[in-house]
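Here is a friendly walk through one structure, with helix packing, an enclosed space and a few unusual peptide bonds as the topics. Keep the viewer open as you read.

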Amino acid sequence: MTDRYAVIGNPIGHSKSPQIHRMFAEQTGEALTYEALLAPLDDFAGTLRGFLVEGLGVNVTVPFKEQAWALVDSHTPAAERAGAVNTIQRLDDGSLLGDNTDGKGLVRDLQHNAGLSLAGLKILLVGAGGAARGVVQPLLAAGPSQLCIVNRTVSKAEELAALFADQGPVSAAGFRWIEEPVDLIINATSASLAGDLPDISPNLIRRGHTWCYDMMYASEATAFNRWAAEQGAARCVDGLGMLVEQAAEAFLLWRGVRPDTASVLKALR
Ligand code: ATR
């Protein structure tokens, strides 16, 4: 029987993951199928268990990543503190291993695809929800001089900074507390989904110097990246590369081979 994988979410109709993993499989010669599964909002566990009777692994997307973390039997170090799981592997003994490849995907997209070394940079991470939480540790591992988490609800940024305080120079602040330019701003809020902007100061962007990264992507520039471009950001990058890179990390966990992402990203663009 062919090895089966899937992505589970709600909604799931617009997911690019099946297309990405099929391209990976073709390119590496791995024999597998990859489908998109819609789980009812009140029964992610049932959908997951049903698929993994035969299936070997799943990706998990919004809004089930925290539930996935709670349902698996063990976690990789990356998933342990992230509190969210986006990749599950059924091990030989039938138990479920949860990983989080989002942060690795983000760092790889920034450093490898966009060519921005994060070492020594002043980074502002906007948002303190599940999406932000999944990327703090890999960002700190890349050696920035400072990682400041800002959030509309300041207490959530403070909790997140405290959770990762032993991993590097991480701090927390409110949106308008910071007015000094930084090197890189990463938008991890869900504001873009509604076409909204986080209320951060335009002074954070030094014209022609500061890079901006929106973890969201859309067929057109996101509201955050349009705003950043208007302020003169040196580069505005969306999250499509992160999506492809986190998928490649999942593929590596499952199949032991890391596909080439550049050709897949090019095909998707
Ligand atoms: P996700 O898993 O996508 O991170 P989440 O855990 O619900 O979703 O977190 C959403 C994040 O986006 C939070 O940081 C939220 O800020 P609050 O903690 O203050 O709610 C942020 N967010 C959502 N809409 C926003 C908006 N319009 N302006 C600013 N921040 C917003």
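## Helices that cross

Helix α1 crosses α10 in a right-handed sense. Before going further, please note that this is a predicted model. Two packed helices are described by the angle between their axes and the distance between the axes. For α1 and α10, the axes lie 10 Å apart and the angle is about 55 degrees. An angle of about 55 degrees makes α1 oblique to α10.

Helix α10, which covers residues 240-255, also packs against α5, residues 102-113. Here the angle is about 120 degrees and the axes are 7 Å apart. That value makes α5 oblique to α10, because roughly perpendicular ends at 115 degrees and roughly antiparallel takes angles over 145. The crossing of α5 and α10 is right-handed.

The two pairs can be set side by side:

| Helix pair | Angle between axes | Distance between axes |
|---|---|---|
| α1 and α10 | about 55 degrees | 10 Å |
| α5 and α10 | about 120 degrees | 7 Å |

## An enclosed space

Rolling a probe the size of a water molecule over the atoms shows where empty space is left. How many cavities of 30 Å³ or more does the count give? The count comes to one, and the largest cavity has a volume of about 50 Å³.

Which residues line the largest cavity? They are A78, A82, N100, R133, G134, Q137, P138 and F164. Helices α4 (77-82) and α7 (136-141) are the elements that give two or more residues to this lining. By character, the lining residues divide into four nonpolar, three polar and one charged.

The lining of the largest cavity also brings two domains together in one list: at least three residues come from domain 1 (3-101 + 244-261), and at least three from domain 2 (103-241).

## Cis peptide bonds before proline

Now turn to the backbone, where two peptide bonds are worth finding in your viewer. The bond from N10 to P11 is cis, with omega near 5 degrees. P11 sits in the loop between β1 (3-9) and α1 (17-28), and α1 is the helix that packs with α10 at about 55 degrees.

The peptide bond from V62 to P63 is cis as well, with omega near 0 degrees. To locate P63, look in the loop that runs between β3 (57-60) and α3 (65-71).

Notes:
Residues numbered from 1 in each chain as written. Predicted model: local features only at pLDDT ≥ 70, side-chain atom pairs only at ≥ 80, totals over all residues. Heavy atoms only, no water. 1 Å grid on protein atoms, 1.4 Å probe; cavity = no way out; pocket = protein on both sides within 12 Å on 5 of 7 lines; lining within 4 Å. Points joined across faces, edges and corners; volume = space filled by probe spheres on them. Helix = DSSP H or I, 4+ residues; strand = E, 2+ residues; numbered from the N terminus. Nonpolar A, V, L, I, M, F, W, Y, C, P; charged D, E, K, R; others polar. Domains from an automatic or database assignment. Axes fitted to C-alpha atoms, helices over the stretch in contact; angles between N-to-C directions. Parallel < 35°, antiparallel > 145°, perpendicular 65-115°, else oblique. Left-handed = near helix turned anticlockwise from the far one by under 90°.
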